[in-house]
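Trainee: I have this model open and would like to learn how to read one part of it closely. Could you walk me through the largest pocket, and then show me what else there is to see?

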Amino acid sequence: MKKLNLTWLLLFVTTFLLAQTKADQTINAKEVERIERVLASDEMKGRRVFSPELDKAADFIAAEFKAAGLETWNNSGTYRQEFAIITPRFKGLTCTFDQQPVDGKNVVVITTTASLTVNEQSGYEKVKLGAGLNFFTEAQKYIRSNKNYLVLVDTSYSKNFGRLTGFKRGMFPMKNNVLFVLTTADPATYSIEAQHEIVEQKLANVVGVLPGKSKKNEYVIFSGHYDHIGIGKPVDGDSIFNGANDDAAGTTAVILLAKYYKALNNNERTIIFAAFTAEESGGYGAQYFSRQFDPAQVAAMFNIEMIGTESKWGKNSAYITGYEKTDMGAIMQKNLEGTGFTFYPDPYTDQNLFYRSDNATLARLGVPAHTISTSKMDSEPNYHKVSDEVETLDLDNMTMIIKSIALSARSIVAGKDSPTRVKVDELR
């Protein structure tokens, strides 16, 4: 038994030393700075959504994924995961209930169809949204149902009814239509005609894949967002919001983690490396990305955001949002025993960071999806300012954080540990 235990100990130590050696070889401050200086350069003009410079950043990330030897998602032949955001611009509508006109201000049509005509023979399910409920939560359920509805809304919601149009600001293409009418009536017959100008805007995540050895259909995701807020009002002659920490830092980590795991080449689970677009503009990139998965197949998501500065505890530390919602943080810390690095629970819970970053969409589906950060959210001097430049980052500490993420994830990537799931019924 002692001989067997010694063999397992030697195997563990050898595996750990191999992982640490690869981390030291692949993840270094020189590479961190090289990638940061490209993504956060003035030439990228702040990587604003829908800008040519954001496309330029995407091309750079794709080239890094290719150089790392990653495969493309679903063997598509491209690392760009393209999708469209739809904005329906209202042009007009008419509505009648039992052949009596209904005031247009009491009708909101959620659709991505330019010209829509619906009546009682169209097969729409007619439902009532009664008083005393969470109005927007209930409305969202109908919108996301993939079913056609006529929703008769209780007049107690009259104050907030017009705010339903907010659901039309940036939509994915819909297969269904939902017609909301503020009314006390329950019509036997109805007719609604609505016209919209459909504006379509293209976006793209950048996604690379490292297939697993024995658990190809179980996924571990490493992600960060590569967009920022562009150009704004000049401060001391500088108008470019470079976003070196937010979130070129996270994207740099994703690129280097891709190179690290490819060099190890021993991942049992499939690893997905994703650079998301439009985090600063509604989180559309992460939302679209998340729709491509069966959440039950996603073992864990490591979202990385703003790791370029020291945490409130100093060097060799970071925090994990939603730490208490799964045991993923405990697994990560166990894998770092002896390294001197510590992952802490999020100290800024009043800011709801767990719900504000790109981990949130998958977390709401039960996936152990967390964001790793060091940003001092109560006192980060360069957050969303033109001063968020490479020179303000601690690149050596950032390098150590990326190495620590790599080492902390190894038992999850190996399929030996599976974090507990998020209890979605306990989320806000």
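Mentor: Happily; we will start with the pocket, move on to the domains and the cavity, and finish with a few single residues. The model is predicted, so local features need pLDDT of at least 70 and side-chain atom pairs count only at pLDDT 80 or more, while totals for chains, interfaces and linings use all residues. Residues are numbered from 1 along each chain as its sequence is written, and side-chain values use heavy atoms, with hydrogens and water left out.

The largest pocket has a volume of about 1600 Å³. The search uses a 1 Å grid over the protein atoms alone: a pocket is an open set of points with protein on both sides within 12 Å along at least five of seven lines, a cavity is a set where a 1.4 Å probe fits but cannot get out, and lining residues have an atom within 4 Å of a point. Points are joined across faces, edges and corners, and a volume is the space filled by probe spheres set on them. The pocket is lined by 39 residues, and the closest to its centre are Gln140, Arg144, Gln287, Arg291 and Thr361.

Which helices help to build that lining? At least two residues each come from α4 (135-143), α7 (284-290), α9 (353-356) and α10 (360-363). The largest share, five residues, is supplied by α4. Helices (H or I, at least four residues) and strands (E, at least two) are DSSP runs, numbered from the N terminus. By class, the pocket lining has 16 nonpolar, 13 polar and 10 charged residues. Here Ala, Val, Leu, Ile, Met, Phe, Trp, Tyr, Cys and Pro count as nonpolar, Asp, Glu, Lys and Arg as charged, and the others, Gly among them, as polar.

Now for the domains. The chain is assigned domain 1 (25-84 + 203-426) and domain 2 (100-188), with bounds from an automatic or database domain assignment. Each of the two gives at least three residues to the lining of the largest pocket. Taken over C-alpha atoms, the domain centres are 37 Å apart. Across the two, six residues of domain 1 are in contact (heavy atoms within 4.5 Å) with five residues of domain 2. An unreviewed UniProt entry lists residues 205-405 as "domain: Peptidase M28"; such positions are given in the numbering used here, feature names are shortened, and annotations may be inferred rather than shown by experiment. That stretch is 27% helix and 26% strand, with its end C-alpha atoms 22 Å apart.

Next, the cavity. Searching the whole structure gives one cavity of 30 Å³ or more, and the largest cavity has a volume of about 50 Å³. Among the residues lining this cavity are Asp246, Thr309, Glu380, Asp388 and Leu393. Its lining divides into three nonpolar, five polar and three charged residues.

Two of those names lead us further. Asp246 is joined to Asp247 by a cis peptide bond, with omega about -10 degrees, and Asp247 lies in helix α6 (residues 244-264). Thr309 is touched by Asn397, which also touches Glu310, Lys315 and Asn316, not counting residues up to four places away in sequence.

Is Asn397 buried or exposed? Asn397, in helix α11 (residues 395-408), counts as buried because its relative accessible area is 3%; buried means under 20%, exposed over 50% and partly exposed in between (1.4 Å probe, protein chains only). Asp396 lies in α11 too, yet Asp396 is exposed because its relative accessible area is 58%.

Asn316, one of the residues touched by Asn397, sits in the loop between β14 (298-304) and β15 (317-320). Asn316 is not a glycine, but has a positive phi of about 55 degrees, and at 32% relative accessible area it is partly exposed. Gln99 also has a positive phi, near 65 degrees. You will find Gln99 in the loop between β2 (80-97) and β3 (100-101), exposed at 71% relative accessibility.

Finally, try Glu33 in helix α2 (residues 29-39). Glu33 and Glu391 are 358 residues apart in sequence, and their C-alpha atoms are 9.9 Å apart in space.
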